[in-house]
Amino acid sequence: MKKFLLFILVFTAVTSGFSQNGTIKGRVFNEKNNEPLPFTNIVIFGTNIGSTSDLDGNFIFTGITPGFIKLAASSVGFESYVSEEFQVTNAKTVFIDIPMRETTIQLEQVVVKASPFRKTEESPVSMRTLGIGDIEKNPGANRDISKVIQALPGVASTVSFRNDIIVRGGGPSENRFFLDGMEIPNLNHFATQGSAGGPVGIINVDFIREVDFYSGAFPANRGNTLSSVLEMKQIDGNKERVVFKGSVGASDLSLALNGPLSDRTTFLFSARRSYLQFLFGVIGLPFLPTYNDFQFKVKTRFDQKNELTVLGIGAIDQFRLNTGIKDPTEDQRYILNYLPVNEQWNYAVGAVYKHFRKNSFDTWVFSRNMLNNVAYKHENNDENLPRTLDYVSQEMENKFRYENSSRFSDFKIIAGGGGEYARFLTNTFQQVFIPLGEDTLRSINYDSEVDLFKYHLFAQASKNFYNDRLILSLGLRTDGNTYSKNMSNPLNQLSPRFSAAWALTDKFFVNFNTGRYFQQPAYTTLGFRDNSGRLVNKDNNLKYIASNHVVAGVEYRRNEASKMTLEGFYKHYNNYPVSVNDSISLANKGGDFGVFGNEEVTSTGTGRAYGFEVYVRDKAFDQIDVILSYTFVRSEFKDFTDTYIPSSWDNRHLLNLTLGKEFKRNWNVGAKWRFVGGNPYTPWDVERSSLREAWDARRQGYLDYSKFNTLRIGNFHQLDVRIDKQYFFDKWSLNFYVDIQNLYNFKQEGAPNLTTVLDAEGNDVLLPGPPQRYQLQEVVNEAGTVLPTIGIIVEF
């Protein structure tokens with residue numbers, strides 16, 4: 001580290017005089033019909049440097065100092081617009097499109113000023129937009145979108161090696177992800193099937209333009225979600241020449257390129273290979289993962305009215321157990337005892353076609369995604385012994401969606417629908433030990449194949465009143481599938497939603513949303529069978545999960561670069577699947593590796609989550625970027641006595657403070673401190689766990705569900721620091737960064753692990769019987785270590 005920092009200082013002195021001039025080219029157009037807007041004024045946001053579009057809507061900036069910037073555009077008859085943040089370098093020309101929205105406000109009337117903080121008619125509340133600078137420079141996130149999101153209000157994080165997204169007290173399976181309008185089922189490598197979390201993100205942020213994160217107020221064209229929607233938008237390929245970008249970061253090596261294929265077609269392509277197994281080895285984790293991923297996009301603009309985007313993303317994930325550890329700690333032995341070997345591959349590919357009309361545009365989306373998941377576990381991790389778990393599964397979805405977005409005077413209307421053919425396959429063998437009158441060891445052994453046809457219809461109308469000071473939006477959606485009679489009835493999944501936004505002044509706003517949302521249970525739950533081959537959850541009348549949301553908030557903008565919000569929220573769940581085996585709602589599960597939802601359930605769970613959020617984004621002393629968020633959240637579900645008890649995501653207090661400062665000569669320093677309240681956990685049932693048959697079935701203890709979530713782990717807090725140094729040469733650029741997670745080495749005390757006591761020869765100690773029992777012990781479970789990373793990014 002000392003040698004690296006010395007090299008940076010010498011390199012800085014030698015290269016400080018190099019050229020620093022960038023070029024921006026772009027196009028301004030009417031968002032509803034894609035027609036160019038001539039004579040539009042464009043300035044670099046926060047400066048007096050400007051340009052004007054020509055008759056074709058094109059503009060150019062030259063001699064721009066490299067760095068992260070935004071553009072502001074204004075034109076008579078259109079709302080002012082502030083672009084997403086993007087980076088200017090000498091290595092390439094940056095191309096930026098600026099969509100403008102028509103307005104009916106007269107020139108002499110008061111107009112609400114444009115702001116870099118986005119707000120749509122459908123979602124005036126609970127939506128945050130992240131620019132590429134927020135992602136690239138976020139301390140501790142290492143350019144991983146999942147970790148960046150965890151700093152937003154309402155979002156809790158889990159253990160340091162997991163990327164679960166817990167939004168406003170909802171479970172990690174309640175989120176949906178879109179890439180350029182195409183839904184992608186997985187956001188992380190080594191994803192928990194039936195849920196979403198994993199150790200590292202699958203998205204290569206080199207291609208990300210901006211991210212819209214909805215923690216509520218979902219528009220009607222986005223369904224099958226209960227807690228959040230993540231919309232990721234990619235850049236287009238460079239129109240002039242092929243640009244190469246390589247990076248070495250915390251967990252992987254990335255190579256990316258983009259450029260023109262023809263006068264009308266551009267492309268993006270990236271591939272990444274991890275060395276996460278080395279990082280996990282340093283941390284001391286007893287599993288060593290390796291992942292590979294790819295990402296591509298090809299966009300063709302046939303003419304002014306028609307464009308086609310073909311895109312894809314995929315991953316191959318493998319890991320092995322680190323059984324070669326000499327003298328493993330009790331914590332390492334605990335993980336080695338129960339964790340299965342897991343191998344996955346997945347992909348999503350699709351095409352998005354847009355056709356622009358006079359006052360509207362059509363969007364057609366065709367896509368296919370697939371997940372292949374294999375997991376197995378041998379007794380004592382000895383491949384010569386029988387398997388206690390042998391699981392193979394595939395999920396396939398073929399999707400079509402049509403949307404029309406129209407604007408007529410003060411009205412905006414979005415309407416459309418879609419269909420889907422889905423297939424789920426599994427071969428499952430697992431030894432389980434469950435209470436059936438008395439504790440019983442049995443094997444689950446079944447093959448399952450489920451084919452579904454799914455559909456959805458939606459429409460949403462928005463109207464501006466009083467010169468755009470009041471905006472009302474009303475939407476309706478329904479979803480259904482052919483799994484069962486109940487799920488095929490569209491009336492059972494009617495999903496209305498309503499939003500209102502009132503601008504009291506040009507700086508102070510009041511926003512509101514309410515809606516009822518539905519989500520299909522996981523395929524692992526739909527396809528679960530008993531040993532006779534019966535779809536038991538279908539016979540149990542499994543239903544779509546429902547959640548009613550109410551969100552209200554106020555917003556204050558001190559200036560164009562400042563935003564402060566206060567939001568209160570309430571969510572009520574019903575029809576949540578509840579495990580027949582342990583009477584626990586599946587809302588409390590899904591936050592660990594493996595498979596989630598493959599058990600018998602009933603749609604009888606109810607719950608609630610409520611609280612408030614404070615969000616501040618400003619610039620202290622006009623120099624230091626400040627992002628502060630605080631969330632108070634309660635998350636509760638009813639137990640078998642019909643009493644509300646804390647859910648596994650009841651963190652109560654979430655606090656994030658991020659600071660960033662740009663210095664001369666392209667230095668940037670950032671720091672992020674976060675606090676997460678301790679979540680509940682359930683103590684071990686030592687009596688049951690010690691039974692030899694029970695322990696040998698999965699080499700892990702069993703929880704005492706009569707005391708479900710009666711205890712809490714310790715609070716978590718962590719300081720992350722990042723230092724960036726960028727160099728901009730005539731034809732290429734170079735970025736060095738040092739990122740240190742958990743700078744002061746905080747160790748969080750989690751739920752204790754339960755392991756067997758070993759004798760002098762390393763064998764499990766058996767107590768006198770009958771019945772035969774192991775001698776067990778609880779072991780302190782601490783997580784957290786200082787994790788430094790050195791990163792290099794080269795672009796030419």
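**Exercise 1.** Does Phe 356 count as buried or exposed, and at what relative accessibility?

*Solution.* The structure is a predicted model. Step one is to take the relative accessibility of Phe 356, which is 7%. Step two is to apply the cut-off: buried means under 20% relative accessible area. Phe 356 therefore counts as buried.

**Exercise 2.** Classify the ring pair formed by Tyr 334 and Tyr 338.

*Solution.* A pair of aromatic rings is described by the distance of the centres and the angle of the planes. Begin by locating the residues: both Tyr 334 and Tyr 338 belong to helix H5 (residues 330-338), where they are 4 residues apart, about one turn of the helix. Next, take the geometry: the ring centres of Tyr 334 and Tyr 338 are 5.2 Å apart and the planes stand at 55°, so this pair is tilted. Finally, consider burial: Tyr 334 is buried at a relative accessible area of 8%, and Tyr 338, at 18%, also counts as buried.

**Exercise 3.** Apply this procedure to Phe 356 and Phe 361.

*Solution.* The ring centres of Phe 356 and Phe 361 lie 5.5 Å apart, with planes at 40°, so the pair is tilted. Phe 361 has 18% relative accessibility and counts as buried.

**Exercise 4.** Describe the largest cavity and its lining.

*Solution.* First, the volume of the largest cavity is about 880 Å³. Second, 48 residues line this cavity, and the closest to its centre are Arg 176, Glu 183, Asn 224, Glu 397 and Lys 454. Third, the lining divides into 19 nonpolar, 18 polar and 11 charged residues. Fourth, strand E26 (residues 387-408) supplies the largest share of the lining, 5 residues.

Technical notes:
Residues are numbered from 1 along each chain as its sequence is written. This is a predicted model: local features need pLDDT of at least 70, side-chain atom pairs count only at pLDDT 80 or more; totals for chains, interfaces and linings use all residues. Side-chain values use heavy atoms; hydrogens and water are left out. On a 1 Å grid over the protein atoms alone, a cavity is a set of points where a 1.4 Å probe fits but cannot get out, and a pocket is an open set with protein on both sides within 12 Å along at least five of seven lines; lining residues have an atom within 4 Å of a point. Grid points are joined across faces, edges and corners, and a volume is the space filled by probe spheres set on the points. Helices (H or I, at least four residues) and strands (E, at least two) are DSSP runs, numbered from the N terminus. Ala, Val, Leu, Ile, Met, Phe, Trp, Tyr, Cys and Pro count as nonpolar, Asp, Glu, Lys and Arg as charged, and the others, Gly among them, as polar. Rings of Phe, Tyr and Trp (its six-membered ring) pair if their centres lie within 6.5 Å; planes under 30 degrees apart count as stacked, over 60 as edge-to-face and the rest as tilted. Buried means under 20% relative accessible area, exposed over 50%, partly exposed in between (1.4 Å probe, protein chains only).
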